[in-house]
Amino acid sequence: MKLQNLKLSTRLWATVACLVAMLACLAAFSAYRVAVVQERADDALQALADRVKAATRWYGLTEANAARTNAILLSSEPAVEAAFKTEIAATSQKISEVQKAIEAMPLSDTEKSQMARIAADRKAMIDLRTEARQLKTDGRKDEALRLIQQKYNPSVATYLASLREFVQLEERAYAEGVAAAARDRAVTLRWAALGLLVVVVGILLGAWRTIVSIQRPLSEACGLAARIAKGDLSTEWHDSRHDEFGELIQSLLTMNAALARMVSQVRESTDSIATASAQIASGNNDLSARTENTASSLQETASSMEQLNGTLRQSA
């Protein structure tokens with residue numbers, strides 16, 4: 001179906017419906033995109049935050065256990081060992097749980113490599129701690145102190161450094177996640193802006209097309225009416241429009257034909273009147289000529305009568 005065959009009201013409502021549909025699609029796409037990006041960012045950032053929290057807790061528990069171990073190995077009081085032994089075991093259990101929880105999380109290759117390094121450093125630290133405690137239990141306190149100073153404390157420092165690197169790694173990953181979420185939101189905004197631009201272009205094109213579809217036939221109808229007003233009734237128009245403007249032009253053409261018939265009838269009547277007037281004038285001329293002839297005959301008759309009268313008087 002051609003656009004010009006649609007009613008004007010139908011075209012206007014169709015234009016409005018298209019604009020509303022475009023705006024609705026843009027709003028739906030933007031809302032969906034924002035929801036997806038936000039959900040993905042929230043999940044990623046929550047996972048990173050959990051890892052940062054777990055790594056920070058791991059670091060704190062390790063520091064606490066290292067301090068307790070040093071206190072036990074360096075102190076000669078049995079009460080100190082009795083006080084910290086249970087806490088060290090409980091803290092080691094918590095560290096193991098934290099380590100397993102982090103290992104169960106989705107990790108990158110770099111994070112897995114760092115976790116393997118931490119596990120190795122932890123094992124080395126635990127082995128040295130066990131060895132030092134065994135030396136103290138065996139009464140070899142000096143050897144235990146040397147082991148603590150020369151191997152255990154450096155091992156603890158290495159272990160804590162590995163944990164610190166993991167925490168920093170997770171903090172960088174969290175910052176990168178925030179930046180990625182910001183980039184995703186920026187991409188969403190750009191898509192929304194592009195969609196809005198498309199809608200604006202669609203509005204302008206639709207407005208231009210609607211204006212042209214109204215202005216052109218209206219101009220044609222005005223031109224046709226102007227020619228009729230000037231007396232040009234010979235206009236022929238072939239239009240296949242079926243909208244309101246088509247009906248208007250068809251009404252003007254019907255009026256043009258009616259006026260042409262009326263003018264033709266008036267012209268025919270005028271011609272008939274002119275013919276009758278000519279015939280009357282011709283009859284008047286004939287009557288005038290006959291009247292003049294009659295008057296001339298009467299004058300001749302009167303002259304003859306006068307002559308006759310004169311002759312009669314002379315005879316008398």
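A residue counts as buried under 20% relative accessible area and as exposed over 50%, with partly exposed in between. Keep that scale handy for the close-ups below, which come from a predicted model.

**Close-up 1. Arg140 and Glu143 pair up in a salt bridge.**
Here the closest N and O atoms of the two side chains sit 2.5 Å apart. Arg140 has a relative accessibility of 40%, so this residue lands in the partly exposed class. Glu143 gets the partly exposed label too, because its relative accessible area is 31%. Salt bridges with shared partners also tie Arg51, Glu111 and Glu170 into one network. Across the whole structure, the search turns up seven salt bridges.

**Close-up 2. Glu111 meets Arg51 in a salt bridge between helices.**
The N to O distance for this pair is 3.4 Å. Glu111 belongs to helix α3 and Arg51 to helix α1, so the bridge joins distant parts of the chain, 60 residues apart. Are these two partners buried or exposed? Both Glu111 and Arg51 are buried.

**Close-up 3. Arg68 and Glu87 make a salt bridge from α1 to α2.**
Their closest N and O atoms are 3.1 Å apart. Because Arg68 sits in helix α1 and Glu87 in helix α2, the pair ties together parts that are 19 residues apart in sequence. Glu87 has 38% relative accessibility, which means it counts as partly exposed.

**Close-up 4. Helix α3 runs at close to its expected length.**
With 29 residues, α3 spans 42 Å from its first C-alpha to its last, close to the 42 Å you'd expect at 1.5 Å a residue. Plenty of its residues are buried, including Gln114, Met115, Ile118, Asp121, Arg122 and Met125. Further along, Leu128, Arg129, Ala132, Leu135 and Lys136 are also among the buried ones. As a general point, an α-helix has 3.6 residues a turn, so residues three or four places apart point the same way. Gln134, also in α3, is partly exposed because its relative accessible area is 44%. Its C-alpha atom is 34 Å from that of Glu111, with their positions 23 residues apart along the chain. After the helix comes Gly139, which has a positive phi near 85 degrees.

**Close-up 5. Ser92 sits buried in helix α2.**
What does Ser92 touch, leaving out residues up to four places away in sequence? Its contacts are Asn65, Arg122 and Arg129. The relative accessible area of Ser92 is 15%, which means it falls in the buried class.

**Close-up 6. The largest nonpolar core has 27 residues.**
Trp58, Ile102, Met115, Ile118, Tyr152, Tyr159 and Leu163 are the members that touch the most others. Helices α1 (8-74), α2 (78-104), α3 (109-137) and α4 each put in at least two residues. The largest share, ten residues, comes from α4. In soluble globular proteins, nonpolar side chains tend to be buried together. Zooming in on Tyr159, and skipping residues up to four places away in sequence, its contacts are Trp58, Thr62, Ile95, Ile118, Asp121, Arg122 and Met125. Apart from this core lies another, with six residues, including Ala221, Leu224, Ile228 and Leu252.

**Close-up 7. Seven residues make a nonpolar patch on the surface.**
Phe29, Trp191, Leu194, Leu197, Val198, Val201 and Leu205 together form this patch of about 660 Å². Which helix gives the largest share? That's α4 (residues 141-229), with six residues. Leu197 is one of the patch residues, and its home is α4.

**Close-up 8. Ser296 sits in helix α5.**
This helix covers residues 244-315. Ser296 is partly exposed because its relative accessible area comes to 32%. How far is the C-alpha atom of Ser296 from that of Glu87? The separation is 169 Å, for two residues that are 209 residues apart along the chain.

Technical notes: Residues numbered from 1 in each chain as written. Predicted model: local features only at pLDDT ≥ 70, side-chain atom pairs only at ≥ 80, totals over all residues. Heavy atoms only, no water. Patch = residues over 30% accessible without salt bridge, like charges linked within 9 Å, V, L, I, M, F, W, Y side chains within 5 Å. Areas by Shrake-Rupley, 256 points an atom, 1.4 Å probe, with all protein chains shown as cover. Salt bridge = Lys/Arg side-chain N within 4 Å of Asp/Glu carboxyl O. Helix = DSSP H or I, 4+ residues; strand = E, 2+ residues; numbered from the N terminus. Core = buried A, V, L, I, M, F, W, Y, C linked by side-chain atoms within 4.5 Å. Buried < 20%, exposed > 50% of the residue type's maximum accessible area, 1.4 Å probe, protein only. Contact = heavy atoms within 4.5 Å. Expected span 1.5 Å × (residues − 1).
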